[in-house]
Structure formats: C-alpha cells, structure tokens
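Biologist: Can you put the model up? I have some questions about it.

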Amino acid sequence: MENLLVAENIYKQFGNFTALNNVSIAIPRGSIFGLLGPNGAGKTTLLRIINQITMPDKGQVYLDGTPLHPKDIAHIGYLPEERGLYKSMKVGEQALYLARLKGLSKTEAKERLEYWFEKLQIEGWWDKKIQELSKGMAQKIQFIITVLHRPKLLIFDEPFSGFDPVNAGLIKNEILQLKKEGATILFSTHRMESVEELCDYMALIHQSNKLLDGKVSEIKRAYKSNTYEVGLESENNTALLNELKEKFVIGNTNFKSINDDLKLTIQLNNGETPNQLLDYLIGKARINHFVEVIPSVNDIFIKTVTQNA
Amino acid sequence: MRNLKLIIQREYLARVRNKTFIIMTFLSPLILVGMFALIAYLSMLNSSEQRIIGLYDETEMFASEFKDQEHVQYLDLSGKPLEEAKKMVNEQDYYGLIYIPENLNNNVEGVQFFGKESPGLGTIQAIEKTIADRLTREKLIERGIDVNQLNEARTEVRIEIQNFAGERTSKMSNYIKMFFGGAAGYLLMMFIIIYGNMVMRSVIEEKTNRIIEIIVSSVKPIQLMMGKVLGTSLAGITQFAIWVLLASVLAITSFYVLGIDIFTVQKSQLETVEQIAQPEIAQLVIDVINLPILSLVIFFLIYFIGGYFLYSAIYAAIGAAVDSETDTQQFMFPVILPLMLGIYVGFFSVIENPHGSISTIFSMIPLTSPIVMLMRIPFGVPWWELAISVGILIVTNFGVIWLAAKIYRVGILMYGKKASYKELFKWLKY
C-alpha cells in the first residue's frame, strides 16, 4: 500500500455553507504532506474529518487501505490549531491522562513520558501546573502528547503558529526526525516557507475546493514559465535592453551582484531553450548571472488563488 | 468504555479535590445549624421585648379584661381626654393605644387602635378576642344563658389521623412531613443548580483552555459529555453521602442525649413516650422516626440522578454554546424557571393537598417531578405513581441527552461566537 491515508470525494456542509466540496487527497507513506489554503478554506474541517471529530456528509477516508474506524485514533496524533491544556491540572497527571485516552497503558505512558521529558530537558515540570508554565513550555508538552503514542500518521494544524523561533526550530527538527523514523506527516499551514522547506507533497484548498495537488517538485515544474534571471555587462546597456525587449518579454529583477550589471528576467518564447538564449547572449555581453526562475510555493499559491477568485 | 472510565475518574477527582468542594461539604452543615440557631436566637430576642399598650375605654368594661402578660403591659388611660392620651402614648413611645367607644353594643366597628406603626397580626387578634369574649359573655348573660353550663357543654374533638396500615399520624407529623419533604425538594434543587453549573463551567473551561479539540481527537464528544456528567454526579453523591453520615451521627448523638433508644422506638410506642421527661420532644422524635426516611433517601438519590442528568445535559449544551460564563445568562432563565416552578408548586400545592391534581401532574412532568415528587413522598405516594414518574423521567433523559449531545458536539468546536437560539436549532441538524 503506497498511500497511508486516502480521503476520497469528501463533501461537508454546515447549514447552507459548503465547507468542503468533493475534496480528495492521498498521502504517500513516509512523506510530509502540506495542506495549503487561505484562512477559512476548509483545511481544519478536513483535518477534523480525518480525526473523526466531524463526520463527512459524503465521501470516505481510508487509513492503510481500510475505511477509518474509531479505534484508529490510536494510530493518529493530532495537534490542533486551537490547542491548550487544563490550567489547574499538574503537567504529569495531565500528560498521563491524555496518553491513556489514546490507548496507552499507565506504565507504558509513564515510561515514554519520562523519555520525552528527559529529551526536551523538562524533567522538573512533572508536578507543576500548566498555569505556572509559559506558553512556549506548554507547547512543548502539547507536542509530546501528540507524538507520545507513536502514531503512524501525525497531523499538525498550523504547527508553527504561536511558537517562538527557538521552539519552532525545535519542533521542525522533531518533525523531520519523526519522518526519518517512518511516520507520515500531514500539516496544514498558510505559511508557505515551511511548505517549501519541509513538504514532499502538497495540496491547495481554496474556498472549499481543491485546486491543486501533487509532488511539490512536479507542481513547481508545471508552474515555471520558462523564465531566466540574467545579469549582463555590456558597453551599452541601454541599447542591449532595447534589443532584448524586441525579442523577449523582459521584466525587472534584483539580485546581489558586485558588478555593474543589467539585471533582467527574460521569458522565452514557446519552444525556445535556455541554450539558445545563451547562444544569443554570448556575443552581445558578458554573462555574470544566469539562473532559471523557479516559482516559489508562495507564487503558485497567489497565482492559483487569484486565477480562481 | 475504558475512556469513559478515565474521563469519569478525571472529572470526579477534579471536582472532589477542589478546595471549594471540600470547604462546602464540611462547612455548609455548620452554616445551616448556625443559621437555625441564629433565627431561634433572634426570634427569642424579638419576643422578649417589653411592650406597653395604652387602653382608652369609654365603656369602663374592659380594664379588668386586659391582664398584663409576660411581654405586654396594659396601661389604663381612660380618665383623660382622648387627644391627651394619644399624645402621651406617642411621646412615651408606647406600642399603641386601644380605643373602645361608648355604646359598644350598637357600634362594634368603633374599636380603634392607634400606633406609630401597624401592630403585629397576633397582637390585634389577641385584642379582638379579648373584647369579643367579654361582649359575648355580656350577651349570654343578657339572654339568661348560664355561662358555666355553656362551657361545660362545649365539646372538643381531636381527629386522630390514621392510614390503612394502622400508622397513627398527628397534625404535628404533617408539619414534619412537610418539613422533610420540603427540605429534600429544596436540597435537590440546590444540588441540580450547583452541580449543573459545575458541569457547565467545566465545559466552558475546556473550551476556553482550547484543550477540547485535543480530547475529542481521542474520544467521542458524547463520551466526554457523559463522562463529565457522571463524574460530577459522583462528586455530588459523595457530598450527599457525607452529609447523610454527618446527620446520622448528629441524630444518634442527640437521641442518646435525650435518652431515646431508637431500636425500641420503632413504631409509635406510646409507652416509651410516657417514660420520657419531655413528651412533646419525644413525640416529635417518634414522628421523625416514623417518616419513610429510607425511601426518602433512596428516592432522593434516584431523583437526584434523574433530575441532575436531565439538567446537567442541558447545562453542558449551554456551556458548549457560549464562549465565557458571562454569555450564559440568556440561556439560564429557561433552566431556572422549571426548577423554581417545582419549588413553588411544592410549597403551595403539595402542602395544601399532597395528592391533588396539580401536585400529581407536576410530579409527573420530568422537569419538575424530581422536586415535587420528593415533597410528596413523606405523605405516602402509591408505588405505581412513583414508577410512572421515574419512567417518564428516564425516557425524557434519553431524549434530552441525545439533543444536548448534538448541540454539544457542534458547540465545543465553535470559537469566538455567541450562539443564538436559532443557531442552536440549526446545530441539531448538522
């Protein structure tokens, strides 16, 4: 079975509002899957359906090839966007309680908690109450609770929101570590740079519809526009610019350079290759800089969303 | 099931470990006893006040009739002009002035009482009776009837109330039944409000803490809700059990002090009563012992659980529908209303006629039945009425819990919105 989780034709309506309209995603085993979309797109609803918190009106979710079953909660770890802990309960007691709700036995839960507390250097917190801890400290506890039962599938809803940079980095490393250990990770975010950094696959949801999904590298390839960023040095930059403008679509750009360059983006016409562009440029100027423009996830996001608006 | 147990355990411990719970459990019986003592002390203080009442009697018939009593002194002011007597009563701060005009026989309405403030009902009745008695006697003599003979002929009837099982009751025991039934009903209402509120606050707490979504990714919302309701009810039963225990210890101690052996005084044994120095207190004790205390306690628990489940499911749904406790006001009124209705029906209708149609109907309606039926139980309710009432309560419970769970399930995941009734109705269909 290649895909750990498959959601098929999910449809969910709240009153007259359609939260998800026929959305399907497939998450390959061992990958990090990014679920993108503006606020209110339906990401959290989809995550809640996968967590069996909400039931879909239509559609089916499969985990490991079989329809989702209530006892599958033991295989899923969920860190919701709206997260918190009991303020007046002791840290250890609380972690133990939540771990046992996930199906761990008391001794097992305690052992694993001790391991994690040691790993994150928070051994002294066991008898503290949450209200005595800072927000960042509480977030560490929440993270531990999410991963403690070693789920096959980890779901993080906006995992980095509200984290300070130190904790965000720590969580990022832990996520990568968990992936290495074989976990499949689904996270939703509207922060594009984290997708760029972490995700192998992504899906874009906008206004309850899935607009796009697939491997991040393939999507990028599909979205590139045969454009190159160049830095050219010639005797008459203005003449060169005018000449290029006649042949190509030229844009302005900026990059760091020690030379007094003409900085441009050049979009090639259909069928033309970068080699042809180089051939053309070689005789006219000194080429200090030549890079293919690969669209960022952010660009793709904005482009797709505005196209469908 | 395992998760339900875990939730119940957590909720129970969270309630019982709470400082307020511990303080309330042990302090409120003390406060209650203290309050009774205070009321008794204050009413003693009130009646020990000395009152002087002026008497202005133009007929000169009544001066000997108004005899000084322990707390009331009568002062004959008949000699002076009426205005002067009034002025004197006013200046001397006397309680008041009784004015009895001449020709009383033709003018019975003419008797007046002047006072700074309106006098107590008891005082007025006593004065009226004194005057009426004297006038009646005069009239009897006028018509040639021998007052002594009349008094001899007067017969007193005291009805002995007895049920078919042969248990004797007295008027006193009716008061005691009212007291115990009323106390049980009132206590039940307080329990429902206090523990229902606890459930509601705990739901709101989970919402504002934002822990709710973490939990419902592990358990079903209805499990969480039921766990919360059950765990909190166990805390309530714990508190009740502690109170019953404390009350029993207190009762046994006081019986011991009064010298009554509860094991021999089972069914109104008059012989035992006679042996005791204070027969009135002994009769009271016997009446209390004759109450169906055991069935009262058992039905208190049954109706507490039934009524509490019903209301706390509603409370849980309210908690889920709001974001903070201050937003709960608009939903609280419809919850408090049937509880208050139950209490009022209990205090007015049940006391008037414990088996009348109003009392019977309200002891069947599930929102009021726990309170009203508890008040009726000391007067003896047929088993089939109890069965129907409890049956209706159980069926309603299922329905209400089902509806509440639907609202709860949606509400706990709604943040930053204060729901209206219309929205709640919509949630039922999600």
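Modeller: What follows is a short tour of this model, which is predicted.

Biologist: Start with the sheet in chain B. What is the strand order?

Modeller: The order is β2-β1-β3-β4 in chain B, an open sheet of four strands with mixed pairing. From one strand to the next the twist averages 25°.

Biologist: Which strands stand at the edges?

Modeller: β2 (72-76) and β4 (112-114) of chain B. Each has a single partner strand, so one side of each is left without a neighbour in the sheet.

Biologist: In what sense do β1 and β2 of chain B pair?

Modeller: Strand β1 (residues 51-57) of chain B pairs with β2(B) in the parallel sense, over five bridges. As for positions, B:I53 in chain B stands opposite B:Y74 in β2(B).

Biologist: And which strands does α3 of chain B lie across?

Modeller: Helix α3 (residues 82-91) of chain B lies across β1, β3 (96-100) and β4 of chain B. Relative to β3(B), helix α3 of chain B runs at about 160°.

Biologist: Switching to helix packing. At what angle do α11 and α14 of chain B pack?

Modeller: About 170°, for α11 (residues 293-321) and α14 (residues 369-376) of chain B, and their axes are 9 Å apart. That angle makes α11(B) roughly antiparallel to α14(B), because anything over 145 degrees counts as such.

Biologist: Which residues meet there?

Modeller: From α11(B) they are B:F299, B:F300, B:Y303, B:G306 and B:G307; from α14(B) they are B:P370, B:M373 and B:L374.

Biologist: How many of those are nonpolar, polar or charged?

Modeller: Six are nonpolar, two are polar and none is charged in the contact of α11(B) with α14(B).

Biologist: B:V390, then. What does it touch beyond its sequence neighbours?

Modeller: B:I302 and B:G306, leaving out residues up to four places away in sequence. B:G306 is also among the α11(B) residues that meet α14(B). B:V390 itself sits in helix α15 (residues 383-411) of chain B.

Biologist: Is B:V390 buried, exposed or in between, and why? What puts it there?

Modeller: B:V390 is partly exposed, because 18 other C-beta atoms lie within 10 Å, and a residue counts as buried with 20 or more and as exposed with 12 or fewer. The C-alpha atoms of B:V390 and B:I361 are separated by 13 Å, with the two positions 29 residues apart along the chain counted as their separation.

Biologist: What about B:S43?

Modeller: B:S43 is in helix α2 (residues 19-47) of chain B. It counts as exposed, with 10 C-beta neighbours inside 10 Å. B:S43 and B:Y256 are 213 residues apart along the chain, and their C-alpha atoms are separated by 28 Å.

Biologist: New topic, α4 of chain B. What span should it have, and what does the model give?

Modeller: Helix α4 (residues 121-142) of chain B has 22 residues, so at 1.5 Å a residue it should span 32 Å; the end C-alpha atoms are 31 Å apart, which agrees.

Biologist: How many residues of α4(B) are buried?

Modeller: Two of its 22 residues, so α4(B) is hardly covered. After α4(B) comes B:G144, with a positive phi near 75°.

Biologist: Last one. How many residues does each chain give to the contact between A and B?

Modeller: Chain B gives 16 residues and chain A gives 18 residues. On the side of chain B, the elements giving two or more residues are α1 (2-16) and α7 (212-216). The largest share there, four residues, comes from α7(B). By type, that side of chain B has eight nonpolar, four polar and four charged residues.

Conventions
Residues numbered from 1 in each chain as written. Chains lettered and ligands numbered in written order. Predicted model: local features only at pLDDT ≥ 70, side-chain atom pairs only at ≥ 80, totals over all residues. Axes fitted to C-alpha atoms, helices over the stretch in contact; angles between N-to-C directions. Parallel < 35°, antiparallel > 145°, perpendicular 65-115°, else oblique. Contact = placed C-beta atoms within 7 Å. Nonpolar A, V, L, I, M, F, W, Y, C, P; charged D, E, K, R; others polar. Pairing = 2+ DSSP bridges. Expected span 1.5 Å × (residues − 1).
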